[in-house]
Amino acid sequence: MKEPLQGKTVLITGASSGIGAQVARDLAARGTLVLLVARRKDRLDTLKKEIEKTGGRAQVFVCDLEEPTARADLIRKILKQPTPVDILINNAGFGWYGYYADMPLETRNSLLRINVEAVLDLTSALLPGMRERASGHIINIGSIAGGLPNQGIAMYAASKAFLDAFSTSLYREMKGSGVCISVLRLGPVKTEFFEHARRLPNGGSVPAERFSISVQRASRGVLRLLRTRRRYSYMPAVTGVLPLLALLFGGVIDMLGPLLLKRKAD
Ligand SMILES: NC(=O)c1ccc[n+]([C@@H]2O[C@H](COP(=O)([O-])OP(=O)(O)OC[C@H]3O[C@@H](n4cnc5c(N)ncnc54)[C@H](OP(=O)(O)O)[C@@H]3O)[C@@H](O)[C@H]2O)c1
């Protein structure tokens, strides 16, 4: 039987490490051409070689998604490609842990540019073409934090809540058009994400890291959304109860939250 993803072109942001790199491997193995976007060229080149060694196809696009001009340049290059993008995976992003009052403005702005603005720019660039072709899928890599705002993750949770609301609206707008927009609400995943958050100015750590799942499992969440074309999915599935619990027991979380989300410096 023909693999349904065979021959599709997939653009993956944040493909140089963690979830994005694994999604690229898994999609290339299913016969897609993967367009790899991130800043670290060496990592992207290594991944491209790895994919090609196993018979897959990949192209590297080095881009700092924080920079509006670099994003515009990337979009120009992507739109000039001989094959249009069938699937966009907005995965690049980072978190910062600590109290908002301690968050450096530059880190806050950077988070908004990558976690939110870059998603908007790429969606604006690619969605109209998908609608015209009556075919396409955009998957936004969200987090359970998007439905579970908590002490210590104000900006990160807000950025993922934005993705959640944006994806839901677009899913409904595009219903019946042949284009699907989904959000993957991930729990903690074993990647460089937490180390990166710790290295940022004033950055702290969160205990949730110890409950992390593998990147392979996170990537299965993406594959599942591509197969089912559902509006959202939780990975691991059990975390789907958390927003409901937060709604029911918000008062308890108000009390326990500060204890659960202690900063490293505390
Ligand atoms: N790990 C978790 O626990 C977890 C949980 C829920 C959701 N998520 C989400 O999953 C996504 C991927 O994170 P990850 O866990 O795989 O972390 P990661 O290993 O740190 O990967 C982050 C990716 O984003 C890219 N990126 C960061 N800043 C960029 C910029 N300015 N321009 C271009 N690319 C940039 C990085 O590439 P370069 O540094 O090479 O540019 C890297 O490829 C993020 O959206 C994150 O919020 C993660």
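1. A helpful term to start with: a residue is buried if 20 or more other C-beta atoms lie within 10 Å of its own, exposed if 12 or fewer, and partly exposed in between, with C-beta atoms placed from the backbone. Helices (H or I, at least four residues) and strands (E, at least two) are DSSP runs, numbered from the N terminus.

2. Please keep in mind that this is a predicted model, in which local features need pLDDT of at least 70, side-chain atom pairs count only at pLDDT 80 or more, and totals for chains, interfaces and linings use all residues. Residue numbers start from 1 along each chain as its sequence is written.

3. Have a look at helix 2 (residues 41–53). Its buried residues are Leu 44, Leu 47, Lys 48 and Ile 51. Seen down the helix axis, they fall within an arc of 105° (taken from the directions from the axis to the C-beta atoms), so they line one face of helix 2. This fits a general rule: an α-helix has 3.6 residues a turn, so residues three or four places apart point the same way.

4. On the other side of helix 2, Asp 42, Lys 49 and Lys 53 are exposed. Just after this helix, Gly 55 takes a positive phi of about 90°.

5. Now for the ligand. The shell around the ligand has 13 nonpolar, eleven polar and six charged residues; here Ala, Val, Leu, Ile, Met, Phe, Trp, Tyr, Cys and Pro count as nonpolar, Asp, Glu, Lys and Arg as charged, and the others, Gly among them, as polar. Helix 1 supplies the largest share of this shell, three residues.
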